Amino acid sequence: MIRFDSVTKRYPDGTVAVDNLDFEAASGEITVLVGPSGCGKTTSLRMINRMIEPTSGRIWLDDKDTAKIKPAQLRRGMGYVIQHAGLFPHRTVVDNVATVPLLLGTDKRTARKRAMELLDRVGLPSNLARRYPGQLSGGQQQRVGVARALAADPPVMLMDEPFSAVDPVVRAQLQDEFLRLQQDLGKTIAFVTHDIDEAIKLGDKVAVMRAGGKLAQFAEPAELLSHPADAFVAGFVGRDRGYRALGFAESGGLATAEEDVVRLGEPLRATRDRAQDGWALVVDDERRPQGWIAVGGLADSALSGEITPDLLNLGGTLAKQSGTLREALDAALSSPSGRGVVVDDDGRFVGTLSASEVLAHIESRAASIRHDTMTSPGRGAFTSGVPT
Amino acid sequence: MTSVWDYFTSHRSEIMSWLGTTLWLAAVPLVLGLIIALPVGWLANRYRWSYPPITSAAGLLYTIPSLVLFLTLPALLGTKILAPVNVAVGLTFYTVALLVRTVADGLNSVSSDTLNAAAAMGYTGRQRFFAVQLPLAVPVIGAGLRVAAVSNVSLVSVASVIGVTQLGQLFVIGYTENSVPPTILGLIIFVVLALLFDVIILGAVRLLTPWQRAGMR
């Protein structure tokens, strides 16, 4: 647990970077500090490991006052990941990862062995271990950064925009893997980002900060989307938050319709009988959806040959049966046939659903929430979105 | 060319002894100068306000003509006017003058991300300097060291004028005896020496910075 207790950082020129901050990052959870630039989020993070000293107030690590722990000792107990990974260019990947264990006095062999395990854990092949950071891609460097932070198995991790400098595809990948890793490790994580979507995706709790180093709201992501505390938070959380909030609603209970499918390699003619409204869903031998094939309006003569991948329309997204309403709605909206494809956890086809079916489910769910809210007054206030 | 070779074979023993003097007069100041320049350069980098005065002072030091320096040092150090140590001390001054700015710039070239990360990993200030900042400054410091080495080698010959015998003596002989072979021989040896120092330093830098060559995929 990391607890900010009336923490203020005021610079000699009078600038207040962090103003009387109070919040608690619970053990085993990801607490995200998010806000526009200059809101003091990075300053707050750096006060945790005493890279910056607070002007007043205390920061507690469990029941210990961090100001009473020697900085070097405090930092060796906190993993630290930064934007450009900040790897040591003159050390090989494996030695970068072994840094903190070596500082703690672990012998070189053990430290390297542990480093190799961690590289595997963050999804890096072992043949990268002998390379230098300059030989890795940005995404790989960032993984090494995470492995290095985890090397001494610290209970606490501080992460300062760790995924901001990589392209969106790699970023999404790193985020997903990070969440999976955290599920196993259960570290107490303080995570700084300027990206509200990242905050909502990763945070168990989100602390929204505003210019001047003030805490605007501290809440769970779903709460942030549904009940922004004020106009600033509403504006910062942004548009589409009604839609994005669906990302926190499980789609369990949505009924899917059966659908005749065709397999790759079957004669094209087979689609004739199995297509609905001119579209047939194509699966592989494992019944994993591959795409849609349009057969409406084609003459029989055009239906010669086999179903091959290049004939498929790949437009639709897939919704997991155990996924969220957002995924389900997106699958329906993006599907060329208008029928969203639902799969099980192994990616096998389960059934389809239409956007109107998903919407009906959302409506009835919202109605029941409204009903609950009416019985507990004071919640559910209307907030206007502030244009950003 | 045969006369140059003849001159070398006939004066072999004294030339070899001069070569020895020249080598240590060029090498020892280089090492001492580096050892002195490291803390001074560290200071200039660590406290940015001290960078302009320190580097300006170093630059001024380098503008003192070597002859003046070699002649004044005995008075300052209380050494004999003909003692080679005067030359060694003088060249150490020049090395320091050349390297202070290089060391400061080299230390400053290390990215603040890397240094912050090192601090956040739990390196103490001293550990961080020796394990991270200094190794990463080696390419820049090495480049400065090469300049200083070549400059030292050529400055050593000036010492002949104040009577410290080393290979520069070949030029004095060439001048006083109006003879070409010793001058040419001296030129050749000095150029080879300069190249030798350069190659040794370059090799050392490469050994210390394997990551630099691994940078390209």
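In the predicted model, strands β9(A) and β10(A) form a hairpin with three residues between them. The turn includes A:G212, which has a positive phi of about 95°. β9(A) covers residues 205-210 of chain A, and β10(A) covers residues 214-219. The two strands run antiparallel and are joined by five bridges. Within this pairing, A:A207 stands opposite A:F218 in β10(A).

β9(A) also pairs with strand β3 (residues 30-34) of chain A. Here the strands run parallel, and four bridges join them. A:A207 takes part again, as the bridge partner of A:L33. A:A207 of β9(A) is thus set against A:L33 and against A:F218. β9(A) is mostly covered, with five of its six residues buried.

Chain B is built from helices. It holds ten helices and zero strands, and its elements run α-α-α-α-α-α-α-α-α-α from the N terminus on. The C-alpha trace of chain B spans about 65 × 45 × 20 Å along its principal axes. Of the 217 residues in chain B, 39% are buried. Among contacts in chain B with a separation of 6 or more, 71% are between residues 24 or more positions apart.

Three helix pairs of chain B were examined. The first comprises α3(B), residues 51-63, and α5(B), residues 84-108. Their axes lie 8 Å apart at an angle of about 150°. The angle exceeds the cut-off of 145 degrees, and the helices are therefore roughly antiparallel to each other. Their crossing is left-handed. On the α3(B) side the contact is made by B:Y51, B:I54, B:T55, B:A58, B:G59, B:L61 and B:Y62. On the α5(B) side it is made by B:F93, B:Y94, B:V96, B:A97, B:L98, B:V100, B:R101 and B:A104. Twelve residues of this contact are nonpolar, two are polar and one is charged.

The second pair comprises α8(B), residues 169-176, and α9(B), residues 180-208. These helices pack at about 155°, with axes 7 Å apart. They are therefore also roughly antiparallel to each other. α8(B) passes α9(B) in a left-handed crossing. From α8(B), the residues in contact are B:L170, B:F171, B:I173 and B:G174. They meet B:V180, B:P182, B:T183, B:L185 and B:G186 of α9(B). This contact has six nonpolar and three polar residues, and no charged ones.

The third pair joins α2(B), residues 12-46, to α7(B). The axes come within 9 Å and cross at roughly 145°. The crossing of α2(B) with α7(B) is right-handed. α2(B) supplies B:T22, B:L25, B:A26, B:P29, B:L30, B:G33 and B:L34. α7(B) supplies B:L145, B:A148, B:A149, B:N152, B:V153 and B:V156. Ten of the contact residues are nonpolar and three polar, with no charged residue.

The two chains also touch. In this interface, 17 residues of chain B are in contact with 19 residues of chain A. On the chain B side, the elements giving two or more residues are α6 (112-121), α7 (125-156) and α10 (210-214). α6(B) gives the most, with seven residues. The chain B side divides into ten nonpolar, five polar and two charged residues. α7(B) thus figures both in the contact with chain A and in the packing against α2(B).

Key
Residues are numbered from 1 along each chain as its sequence is written. Chains are lettered from A and ligands numbered from 1 in the order in which they are written. This is a predicted model: local features need pLDDT of at least 70, side-chain atom pairs count only at pLDDT 80 or more; totals for chains, interfaces and linings use all residues. Axes are lines fitted to C-alpha atoms, for helices over the stretch in contact, and angles run from 0 to 180 degrees between N-to-C directions. Angles under 35 degrees count as roughly parallel, over 145 as roughly antiparallel, 65 to 115 as roughly perpendicular and the rest as oblique. A crossing is left-handed if the near helix is turned anticlockwise from the far one by less than a right angle, and right-handed if clockwise. Two residues are in contact if their C-beta atoms, placed from the backbone, lie within 7 Å. Ala, Val, Leu, Ile, Met, Phe, Trp, Tyr, Cys and Pro count as nonpolar, Asp, Glu, Lys and Arg as charged, and the others, Gly among them, as polar. A residue is buried if 20 or more other C-beta atoms lie within 10 Å of its own, exposed if 12 or fewer, and partly exposed in between; C-beta atoms are placed from the backbone. Two strands pair if DSSP finds at least two bridges between them.
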